[in-house]
Amino acid sequence: MHLSRRTLLAGLASIGLAPLASPAGASQNVAEGQAAPEAASRTFRIGVPAKALSTDPCVTNDIETHRLARQVYQNLIGVDPETGETLAELATDWTFSDDGLQLVLELEHDVSFHDGTELTADVVVKNFERWGSVNELLGAERLRQVGRLPYSVVFGGYFDQDACLLASVEASSEHIVTLTFTEPVQALIRSLTHPAFAISSPESWADFDAALQDGLPLVPLAGTGPYRWGDTSGETIGLESVNDGHDVAVLAIPNLHERLYGLDTQQLDVFDAVSPAILRELVQSGYQVLQRDPLAVLYLGMNQAHPVMQNLHVRQAVAHALFRGDMVDSLQLDGSYVAHQFNPPSLLERSDEVTTYNGDLNRATNLLAAAGYDGEPIEFWYPTGAERVYMTQPQKLFSYLAGRLTAAGFNIVAKPVSWDDGDYMSQVMGDASDRALHLFGRNVYVRDPLYLLAELFEQPNREFGWRNTAVADVLAQARVEDDTDARTAMLSQVEAAISLDLPAIPLTFPITALASGHDVEFYPISPVLDEQYERIQLRT
């Protein structure tokens with residue numbers, strides 16, 4: 001159902017997005033006290049489904065934080081926007097030793113951070129030390145709330161943990177950094193493209209770190225990218241161009257129809273998280289829908305700390321009850337497809353050993369009977385007050401899945417949880433035995449099938465209440481395995497084990513998309529969300 005114009009205006013006013021024009025027939029009229037759209041042509045305005053949680057990408061897995069981090073900071077290793085291959089960024093060259101136990105990085109010369117600090121090997125060493133001790137920086141409880149962070153995923157653990165494969169990082173000269181490993185880390189160069197490995201100025205860390213005691217802060221750090229942080233205090237985050245390009249306003253607009261209204265009234269140039277619910281309107285209005293290749297996974301988590309979900313027959317009944325094909329057809333953009341494993345086939349081809357669960361109501365009902373399920377309440381958690389790039393309109397998604405589960409005999413209890421300030425993420429990662437099911441997902445930043453599996457399943461966590469030592473051992477072996485075929489076989493083995501044990505059910509590999517307004521000539525779409533705003537071309 002479309003929201004009324006009054007509701008839209010109220011919503012826009014609440015987030016500081018004042019209307020410039022009415023939605024019908026008066027697009028050239030300018031509200032009193034407002035500048036005409038042409039006056040703001042140097043500011044690119046993008047509507048996103050949630051506000052970034054932090055300005056430091058190493059302390060969170062939040063998509064919106066990482067989206068903006070790519071604008072302000074640079075990595076040692078970058079991503080070619082055309083091919084997706086790795087390329088030099090702050091590191092101009094790199095060399096591994098023959099045994100793979102050392103990596104020498106040569107740094108760009110004459111690079112300065114936004115605060116005037118020069119890029120040197122000492123600065124890079126301090127960044128590695130920060131990433132490797134982020135567990136101490138955050139503390140144990142907050143670390144559990146944000147989930148497993150990229151440094152731990154890539155290197156196997158933090159500096160103070162035996163599993164960490166990075167033995168040392170040293171400044172060999174002013175612009176040479178040497179990393180030494182206990183065992184070779186496979187796919188390391190690809191992994192260093194993750195936005196969490198952005199290089200920031202150590203001189204800018206003090207205020208951020210002091211503010212951490214009150215939660216993840218939006219205190220600006222200094223980078224070397226084409227933008228510096230502007231105002232981060234409101235629902236709109238500002239990015240200021242360093243090179244006299246267009247500035248950027250990033251507006252957090254949780255409601256899909258409000259994002260569409262912002263585009264219609266020329267208050268937005270682009271908005272992310274397009275849903276089929278508005279696709280026809282976008283096409284009829286002549287807007288361009290820019291689709292990303294499917295490099296995200298949406299999943300249904302199952303918490304085995306819940307007494308009912310401990311039973312494998314119950315989890316299997318959930319899997320058969322969902323009818324994911326119908327869900328994809330009705331709630332996902334064309335090109336999305338059912339996920340039978342966690343890695344999309346472009347990263348890891350599905351093996352015959354992976355168990356598939358097709359929609360089968362009778363089988364689901366019989367499995368519940370075999371489990372002795374007697375109508376116990378099943379809390380199903382889903383986020384409110386925000387959307388994700390991979391999960392538009394989560395309430396509709398919940399309603400569809402809950403209806404299917406109810407038809408199979410489950411007593412589903414809706415549990416909407418606010419996304420605000422990371423509440424949903426921290427509660428899903430928290431210790432809650434009353435939570436049985438929850439919606440979540442991941443966007444894939446690293447083109448390596450180990451990454452997603454290790455992030456979700458290598459270490460015990462409270463999201464799933466699940467631990468499989470055999471899976472953990474295989475993932476640890478795959479991290480250092482240099483034979484490509486053997487490594488692929490290991491990761492396929494892990495996908496097969498997960499499909500049998502069902503700590504979570506992959507639902508879909510969704511096509512994610514943006515809607516582009518008439519004044520946007522070019523937008524650099526990227527499946528890993530490496531969408532550099534400085535490359536955007538606006539019509540004048």
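In the predicted model, helix H11 (residues 312-321) is mostly covered, with eight of its 10 residues buried. The buried positions are Val 314, Arg 315, Gln 316, Ala 317, Val 318, Ala 319, His 320 and Ala 321. Their cover is provided by both strands and helices, including strand S15 (296-302) and strand S20 (504-509) as well as helix H13 (361-371), helix H14 (394-407) and helix H18 (484-501). At the start of H11, the backbone nitrogen of His 313 lies within 2.8 Å of a side-chain oxygen of Asn 311. Beyond the other end, H11 is followed by Phe 323, which has a positive phi, near 50°.

Strand S15, which contributes to the cover of H11, is joined to strand S19 by seven bridges, and the two strands run antiparallel. Within this pairing, Gly 301 has His 438 of S19 as its bridge partner. Strand S17 (residues 377-384) also pairs with S19, here in the parallel sense and over three bridges; Phe 380 is matched with Leu 437 of S19. Strand S19 itself (residues 435-443) is mostly covered, nine of its nine residues being buried.

A further sheet was examined in terms of strand order and flanking helices. Seven strands form this open sheet, arranged as S10-S11-S12-S1-S13-S21-S14 with mixed pairing. Its edges are strand S10 (227-229) and strand S14 (288-291), each of which pairs on one side only. On average, and with direction ignored, neighbouring strands of the sheet are turned by 25° against each other. Strand S1 (residues 43-48) runs parallel to strand S12 (residues 247-252), the two being joined by six bridges. One of the matched positions is Val 48, whose bridge partner in S12 is Ala 252.

Two helices lie across strands of this sheet. Helix H2 (residues 63-72) lies across S1, S10, strand S11 (236-241), S12 and strand S13 (270-272), and runs at about 125° to S10. Helix H9 (residues 256-264) lies across S1, S13 and strand S21 (513-516), running at about 165° to S13. Strands S1 and S13 are thus crossed by H2 and also by H9.

The loop between S1 and H2 contains Thr 55. This residue counts as buried because its relative accessibility is 1%, under the 20% limit. The side chain of Thr 55 reaches the backbone oxygen of Val 219 at 2.5 Å. Residues up to four places away in sequence aside, Thr 55 touches Tyr 73, Phe 208, Pro 217, Leu 218, Val 219, Pro 220, Leu 221 and Trp 229. Val 219 therefore appears both among the residues touched by Thr 55 and as the acceptor side of its 2.5 Å approach, through the backbone oxygen, the burial of Thr 55 being set by its 1% relative accessibility.

Helix packing was also examined for H16 and H17. The axes of helix H16 (residues 449-457) and helix H17 (residues 469-480) come within 10 Å and cross at roughly 145°, and the crossing is left-handed. On the H16 side, the contact involves Leu 450, Leu 453, Ala 454 and Phe 457, which meet Val 471, Leu 475, Ala 478 and Arg 479 of H17. By class, the residues of this contact comprise seven nonpolar, no polar and one charged.

Note on methods. Residues numbered from 1 in each chain as written. Predicted model: local features only at pLDDT ≥ 70, side-chain atom pairs only at ≥ 80, totals over all residues. Heavy atoms only, no water. Axes fitted to C-alpha atoms, helices over the stretch in contact; angles between N-to-C directions. Helix = DSSP H or I, 4+ residues; strand = E, 2+ residues; numbered from the N terminus. Left-handed = near helix turned anticlockwise from the far one by under 90°. Contact = heavy atoms within 4.5 Å. Nonpolar A, V, L, I, M, F, W, Y, C, P; charged D, E, K, R; others polar. Pairing = 2+ DSSP bridges. Buried < 20%, exposed > 50% of the residue type's maximum accessible area, 1.4 Å probe, protein only. Polar contact = N/O pair within 3.5 Å; in protein donor to acceptor, adjacent residues only side chain to side chain.
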